[in-house]
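Biologist: Hi! Could you walk me through this one? I'm new to reading structures.

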Amino acid sequence: MSKNTKTLTAGYRWAVASRVTAATLGGYALTSAATVLLALIWPIPRAQALLSATMLSFAVYTVAVLWVFSTRSHLRAWAWLIGLTAVLSALAWAIERGAAA
Amino acid sequence: MKDGFRQSMAWLHTWTGLVVGWVLYFVFVTGTAGYFHHEITRWMQPERPLVQSQALGLDESGVAVEHALTRLEQLAPVAASWRITLPQLAPASRTWQELAIRWEDMPQPGHDWGATGNEQLNAQTGAVLPAEAEPRATSGGRGLYRMHYVLHYMSFDWGIRIVGVCTMLMLLAMVTGVIAHKKIFTDFFTFRPGKGQRSWLDAHNAVSVMALPFLLMITYSGLVFFLFTYMPAGRDLLYGSGQDGRTAFADALHEHGEHNHAPIGRPLAPLAPMLAAAENTWGPGKLSSITIERHEGEPPEIVLARQQQGLDFWNTPKLRFHAETGEPLPEEPTPGGSAVTTQSVMLNLHEGLFADTGGRWLYFVSGLLGCAMIGTGLVLWTVKRRKRQGEGAHFGLRLVEALNVATVAGLPLAVATYFWANRLLPVELADRAAWEFHTLFAVWLGTLFYGLARPLPRAWIELLWASCAAYALLPLINALTTDRHLGVTLAQRDWQLAGFDLTVLGLGAIFAIMARKVTRRVGKAATQPPAETNRQPAPPAAAANRGGAA
């Protein structure tokens, strides 16, 4: 995105590396959590809900990656990814517990 | 990435596209060939007969079915299932299928399935057809097609994962590409030829937008094939990881219960009324197969299946009858609901088996547009940077340029030599099928060294001419080595075999046009006066690259 490789600072390179990691791993974790939660709340038989949610997961992943690369800073991207993944996982866990109880 | 949404999307588009471009080009070339993989296999097995028969009328079908039942009764009087497939042009393989029988013995205790056997019969006399002459060892079109999702020289598990990652990146590259182009519709109608980088961009836009629905469909549905390998979280957590979890999930989804077979024999009820019912329901010649089986605790049944067609390709309509009384039985519900239906529609759209000849060509052309999109995109990346860096360019740029010429022009050449190897390797050669693949990859690797060793414009021109010759001469090699050449196949109206030879001639012509275009551009760039060159800074390399687009 820069005109000349010589003007790229180390800080910029780290920011890009961080964003790529956030998109790849963080985005994947978020997508996994979203897929599980979606499979649990989709009001059709569970196996079908799981299949539907997993088919949708690639679209979710795509949106997550686009968002990571378009948000203001890479730290902000990380904070949101971790926070959202935690919330979705907790919700999925609570629903699964509630169903089992 | 701080430069605004569109710029960050453009950045993402450039880099996701570049890192996987070469693998994707390989996937698109082999996958596009895969739309004709049965035809390619037939060409690669010239020992197989030139057969084209006619579908049977209702009475003839009745006779054929009686022959088949008599033969099954001799071979497997007590079986888990019998199946009779009527003579037909099989929709999935588009090859002629003779009257065939298949039986499964009752499973041994502790096994789920019994041993199976099959035979082909003469539909008029019931005589067992001799096995066809063993064709030469080849992986054929299927081997070519299989590589588009499992690659080669690596395990299945690695192959599908690598292709999966590349496919995901392609999905990202396409979505970001659409976002980055604010004027996507106007751009579609814009082509500014002879302007170096700008023309490349226009070409890239035009082919991408033209094939966009196909490309989005093929990419997303490609991910759905191995979706639980790529995104296992849900299944692992809800059903458990490992084989048990997989089985539990599949059973829940398809509502499999215990599925024990009870033994069956020749049905008491006459089949003629059932054949008539099938003809009434689906029309003449549409009946594909008849299965006789019995699930434990249920009456023995005769299941008539219609030929495969449409988007429910693998789940064709069926008629069920009681094998003792001949009474119609109620339809079995299709399990899995909308989720399974959605999945099977996506997979059928990807495979395109439902498409007739015209549809198959549309798939083929769309696949070629996908190749063109990737090719133009890869070249655009280098043209842009070559313009900025000039002659003192980074080795990285030189490497990408060599990889581009070796992939875009070299891979088609390598695929052509796969067919050459099929005709020229000795028929008795050990591991013959493997050597056909070795030929392909050795030539491909060779083109990479060639691209590194030669000046870039020369490498483009020479490899394009080499591809042209390799395809255009294939029908000649075929005529010299087999008796399945155009003189025979056209006279016999065997359009599959003739179609292969005619298609490679067409490909040869396309490569000739590309090679000539590149030659002209290079010549023009070399003779331009210096002032002109300054105003229009298209270095020979950039101009040379343009040939890859067509």
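Biologist: How many residues does each chain bring to the contact?
Modeller: Chain B gives 33 residues and chain A gives 26 residues, where a contact means that C-beta atoms, placed from the backbone, lie within 7 Å. Keep in mind that this is a predicted model: local features need pLDDT of at least 70 and side-chain atom pairs pLDDT 80 or more, while totals for chains, interfaces and linings use all residues. Residues are numbered from 1 along each chain as its sequence is written, and chains are lettered from A and ligands numbered from 1 in the order in which they are written.

Biologist: Which element gives the largest share of chain B's side?
Modeller: Helix H1(B), with 6 residues. Helices here are DSSP runs (H or I) of at least four residues and strands are E runs of at least two, numbered from the N terminus.

Biologist: And what classes of residue are on that side?
Modeller: The side of chain B that touches chain A has 23 nonpolar, 8 polar and 2 charged residues. Ala, Val, Leu, Ile, Met, Phe, Trp, Tyr, Cys and Pro count as nonpolar, Asp, Glu, Lys and Arg as charged, and the others, Gly among them, as polar.

Biologist: Back to H1(B). What does it span between its end C-alpha atoms?
Modeller: H1(B) spans only 38 Å, whereas a straight helix of 30 residues would span 44 Å (1.5 Å times one less than the number of residues).

Biologist: Where does H1(B) bend?
Modeller: At B:Gly21, by about 60° (the angle between axes fitted to the seven residues ending there and the seven starting there).

Biologist: New topic: how many strands form the sheet in chain B?
Modeller: An open sheet is formed by 7 strands in the order E5-E4-E1-E6-E7-E8-E9, with antiparallel pairing (two strands pair if DSSP finds at least two bridges between them).

Biologist: Which strands are at the edges?
Modeller: E5 (116-121) and E9 (328-329) of chain B, each pairing on one side only. E9(B) is joined to E8(B) over 2 bridges, and B:Phe321 stands opposite B:Pro328 in E9(B).

Biologist: Last one: at what angle do H2(B) and H4(B) cross?
Modeller: Roughly 135°, and their axes come within 5 Å (axes are lines fitted to C-alpha atoms, for helices over the stretch in contact, and angles run from 0 to 180 degrees between N-to-C directions). The two helices are therefore oblique to each other: under 35 degrees counts as roughly parallel, over 145 as roughly antiparallel, 65 to 115 as roughly perpendicular and the rest as oblique. Residues in that contact include B:His37 and B:Met44 of H2(B) and B:Tyr145 of H4(B).

Conventions
Two residues are in contact if their C-beta atoms, placed from the backbone, lie within 7 Å.
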